[in-house]
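I opened this notebook to record what I looked up in the structure. The entries follow in the order in which I made them.

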Amino acid sequence: MHSGYGALILAGLILSAAGDVLLIPASRKAFLAGLISFLLGHVVYALAFIGQSPREIAPRPFLIV
């Protein structure tokens, strides 16, 4: 949370949770708002991952001891 990456991931999680809640009502407007919330959440996730260098997101090998 102390980095831009952490803040963006948190924002994406909040938008995704809001999307879940907005899909509960049977209203067409709420459904559309839920879809938009999910879309914005995924855009925020993409921004978070684009901001990382390839070295930071590369998979690390497991250490088997």
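Entry 1. Before looking at the surface, I noted what a patch is: it is made of residues with over 30% relative accessible area and no salt bridge, and nonpolar side chains are joined within 5 Å. I also noted that the model is predicted.

Entry 2. I looked up a nonpolar patch on the surface and found that Leu10, Leu13 and Ile14 form one. Together these residues have about 270 Å² of accessible area.

Entry 3. I then turned to isoleucine 14, which belongs to helix α1, residues 4–22. Its relative accessibility is 52%, so I entered isoleucine 14 as exposed; the cut-off for that word is over 50%.

Entry 4. I next asked whether serine 16, also placed in helix α1, is buried or exposed. I entered serine 16 as buried, because its relative accessibility is 12% and buried means under 20%. Setting aside neighbours within four places in sequence, I found serine 16 in contact with Phe38 and Tyr45.

Entry 5. I went on to the protein chain as a whole. I counted three helices and zero strands, and along the sequence I read the pattern α-α-α. The chain has 65 residues, of which 18% are buried.

Entry 6. For the surface of the protein chain, I recorded about 5300 Å² exposed, with 75% of it supplied by carbon and sulfur atoms.

Entry 7. Lastly, I looked up contacts between residues at least 6 apart in sequence: in the protein chain, 51% of these join residues at least 24 apart.

Terms used: Residues numbered from 1 in each chain as written. Predicted model: local features only at pLDDT ≥ 70, side-chain atom pairs only at ≥ 80, totals over all residues. Heavy atoms only, no water. Patch = residues over 30% accessible without salt bridge, like charges linked within 9 Å, V, L, I, M, F, W, Y side chains within 5 Å. Areas by Shrake-Rupley, 256 points an atom, 1.4 Å probe, with all protein chains shown as cover. Salt bridge = Lys/Arg side-chain N within 4 Å of Asp/Glu carboxyl O. Helix = DSSP H or I, 4+ residues; strand = E, 2+ residues; numbered from the N terminus. Buried < 20%, exposed > 50% of the residue type's maximum accessible area, 1.4 Å probe, protein only. Contact = heavy atoms within 4.5 Å.
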